[in-house]
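Me: Please take a close look at one part of this structure that you find well suited to it. I would like the setting described before the detail, and the links between parts of the chain followed as far as they can be.

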Amino acid sequence: MAKIGKRLAAAREGLDREAAHGVDEAVKLVKERAKAKFDETVELAVNLGVDPRHADQMVRGVCALPNGTGRSARVAVFAKGPKAEEAEKAGAEVVGAEDLVEQVQGGEINFDKVIATPDMMPLVGRLGKVLGPRGMMPNPKVGTVTMDIAKAVQDAKGGAVEFRVEKTGIVHAGIGKASFTEAQLAENVRALLEALLKAKPSGAKGQYMKKISLSSTMGPSVKIDISEASAPVAA
């Protein structure tokens, strides 16, 4: 059994790791235990009752967190003409077409997220082996292949988080920073859980959300009560 460091042992002190908490209480416990010297990322992990090997059980989407992620993303846009100008005005750091394809093929990837207009996808498709493994390949299902370039860039830079279920049936996503207020983090948690509920695939059988936990980068995980998290969000 791996030895637990003094810092993590101290963070776990007084925490019942098997108890399930409401969202607000879970956020409070995680914030109290985020003691690293840097601004830790707060992450949500949701174990779903799906088998992503089946197409009708894939869970994937994008959620615009109401309070952002606390991380500034560099955005690249594949577009031409007016749409390229639109991307630049919206704040995209890198904009191009054939020239940007050559840049990426040459190994120059100085951005975090990629957006493309539909007409650019035949070009961008050549970069599948480069962008795919990095999780950057544009996809219409998550709003990164679109004609509404300005909104896509603003979402990417303003806190939209993409989620995709892993082979093990788990979705991991950063929902903010430890420096956020408890209210901001709780609001972001609920927004992402609501997005996951809306993304429930037709092929999912039985219990959809099986386990939910919240943690900071260097802190212990705290369980979230599934019944509260699965409750409909009030209008």
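Reply: Of the 235 residues in the protein chain, buried residues make up 43%, and this figure, like those that follow, comes from a predicted model. The part chosen for the close look is helix H7, which covers residues 149–158, and the setting comes before it.

The secondary structure of the protein chain amounts to nine helices and ten strands. For a chain of 235 residues, a compact globule would have a radius of gyration near 18 Å, and because the value for this chain is 19 Å, the two agree. Along the principal axes, the C-alpha atoms fill a box of roughly 60 × 45 × 40 Å. The accessible surface comes to about 12,400 Å², and carbon and sulfur atoms provide 50% of that area. As for charge, there are 34 positive and 30 negative charges, whose mean positions lie 6 Å apart. Of the contacts in the chain with a separation of 6 or more, 72% are between residues 24 or more positions apart, and helix H7 offers examples of such links.

Ile149 has its place in helix H7, and its relative accessibility is 0%, which is why it counts as buried, the limit being under 20%. Leaving aside residues up to four places away in sequence, Ile149 touches Val77, Lys83, Glu86, Ala87, Ile115, Ala116 and Thr117. A further spatial reference is Glu88, which is 61 residues from Ile149 along the chain, while the C-alpha atoms of the two are separated by 9.7 Å.

Where in the chain does the partner of Lys157 in its salt bridge lie? The side chains of Lys157 and Glu93 meet in a salt bridge, with 2.5 Å from N to O. This pair links distant parts of the chain, since Lys157 is in helix H7 and Glu93 in the loop between H3 and strand S5 (94–96), 64 residues apart. Lys157 counts as partly exposed because its relative accessibility is 26%, and Glu93, at 33%, also counts as partly exposed. Within helix H7, then, Ile149 is buried, whereas Lys157 is partly exposed.

The Lys157–Glu93 pair belongs to a wider set, as a search of the whole structure finds ten salt bridges. Among them is the one that Lys80 forms with Glu98, in which the closest N and O atoms are 3.0 Å apart. Lys80 lies in the loop between strand S4 (75–78) and helix H3 (81–90), and Glu98 in helix H4 (residues 98–105), so this pair ties together parts that are 18 residues apart in sequence. Both ends count as partly exposed, given a relative accessibility of 42% for Lys80 and 38% for Glu98.

Another salt bridge brings together the side chains of Lys223 and Glu18, at 3.2 Å from N to O. Here too distant parts of the chain are linked, with Lys223 in strand S10 (residues 222–224) and Glu18 in the loop between helix H1 (6–12) and strand S1 (20–21), 205 residues apart. Lys223 has 22% relative accessibility and therefore counts as partly exposed, whereas Glu18, at 61%, counts as exposed. Asp16 lies in that loop between H1 and S1 as well, where its relative accessibility of 49% places it among the partly exposed residues. The C-alpha atoms of Asp16 and Lys223 are separated by 9.4 Å, although the two residues are 207 residues apart along the chain.

Links across the sequence can also be followed away from the charged pairs. Gly206 lies in the loop between helix H8 (182–198) and strand S9 (209–216), and its relative accessible area of 66% makes it exposed. From C-alpha to C-alpha, Gly206 and Gly49 are 7.2 Å apart in space, while 157 residues separate them in sequence.

To return to helix H7, its residue Ile149 is in contact with residues that include Val77 and Ile115, and its residue Lys157 is joined to a loop 64 residues away in sequence.

How values were computed:
Residues are numbered from 1 along each chain as its sequence is written. This is a predicted model: local features need pLDDT of at least 70, side-chain atom pairs count only at pLDDT 80 or more; totals for chains, interfaces and linings use all residues. Side-chain values use heavy atoms; hydrogens and water are left out. Helices (H or I, at least four residues) and strands (E, at least two) are DSSP runs, numbered from the N terminus. The radius of gyration is taken over C-alpha atoms; the globule rule is 2.2 Å times the number of residues to the power 0.38. Buried means under 20% relative accessible area, exposed over 50%, partly exposed in between (1.4 Å probe, protein chains only). Contact means heavy atoms within 4.5 Å. Accessible areas come from the Shrake-Rupley method with a 1.4 Å probe; for residues, only the protein chains shown count as cover. Lys and Arg count as positive and Asp and Glu as negative; His and the chain ends are not counted. The place of a charge is taken as NZ of Lys, CZ of Arg, CG of Asp or CD of Glu. A salt bridge is a side-chain nitrogen of Lys or Arg within 4 Å of a carboxyl oxygen of Asp or Glu.
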